[in-house]
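Subject: Structure handover

Hello,

Here is the structure I promised to pass on. Please take a look, then read my notes below.

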Amino acid sequence: LVHISSQINIINCCRLPHRISVNSSGHIHDLGICKGKEEYKHKMLAAHVHGSSPVVIGVPVDILNSFYDGTSRSTDEQSLILQISPVLGYAKSGNVDSLCGSFSVPSTTELIALATSQSRMKSFEVLCHPLSRGQYKETTVHQMDPIVTQVTQRVSLVQDRYPFVEYFLQPRAVL
């Protein structure tokens with residue numbers, strides 16, 4: 001017996017931790033912080049992993065139910081958007097805008113087509129830009145430059161009909 005708690009996983013391969021949220025039919029659900037690989041590796045070596053944020057976050061099944069159940073909703077209501085926000089240490093002070101980028105999860109039909117194609121992987125870039133974009137000029141908010149995160153999507157099928165999707169967050173360039 002295999003119990004799958006999510007059919008969409010986000011794996012952080014970057015050094016920076018990322019806050020992951022889901023926008024499902026206009027409702028935003030915060031999934032938490034997906035640790036960066038270096039921070040996770042150091043915690044593993046120090047054996048302080050218990051209770052810490054994971055390097056992999058899954059989208060809860062209850063959020064996915066409305067997305068995968070196309071019989072009771074129109075196409076417009078079936079949108080599922082993943083939002084990623086790099087967590088910058090100095091952004092916690094409140095005088096720096098936070099960055100956010102997003103991308104849409106393809107429909108179930110598109111995911112099945114990708115899973116059955118020769119190339120089950122697809123890469124694209126997500127631009128994480130400041131949320132306010134300098135809207136309040138009277139404040140002393142330091143305007144940050146955007147950060148680009150490369151996302152690789154890998155799709156496989158469970159029981160030859162249910163898509164299982166993995167999104168790998170990767171640095172755009174390794175320096």
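**Cysteines and the S2 strand**

The sulfur of Cys 34 has its closest cysteine sulfur in Cys 13, 8.9 Å away, which is too far for a bond. Keep in mind that this is a predicted model.

Cys 13 tells a similar story. Its closest cysteine sulfur belongs to Cys 14, at 7.1 Å. That is also too far for a bond, because a disulfide needs the two sulfur atoms within 2.5 Å. Searching the whole structure gives zero disulfides.

What about exposure? Cys 34 is buried, with 0% relative accessibility. Cys 13 is partly exposed, at 26%.

Now to strand S2, which covers residues 18-24. Six of its seven residues are buried, so the rest of the structure largely encloses S2.

Which strands pair with S2? One is S3, residues 27-34. Seven bridges join S2 and S3, and they run antiparallel. Within this pair, Ser 21 stands opposite Asp 30. The two strands form a hairpin, with two residues between them. Ser 25 sits in that turn and has a positive phi of about 50 degrees.

S5, residues 80-86, is another partner of S2. This pair is antiparallel too, and seven bridges join it. Here Ile 20 of S2 faces Ile 84 of S5, standing opposite it.

That is what I found. Over to you.

Best wishes

Definitions and conventions:
Residues numbered from 1 in each chain as written. Predicted model: local features only at pLDDT ≥ 70, side-chain atom pairs only at ≥ 80, totals over all residues. Heavy atoms only, no water. Buried < 20%, exposed > 50% of the residue type's maximum accessible area, 1.4 Å probe, protein only. Helix = DSSP H or I, 4+ residues; strand = E, 2+ residues; numbered from the N terminus. Pairing = 2+ DSSP bridges.
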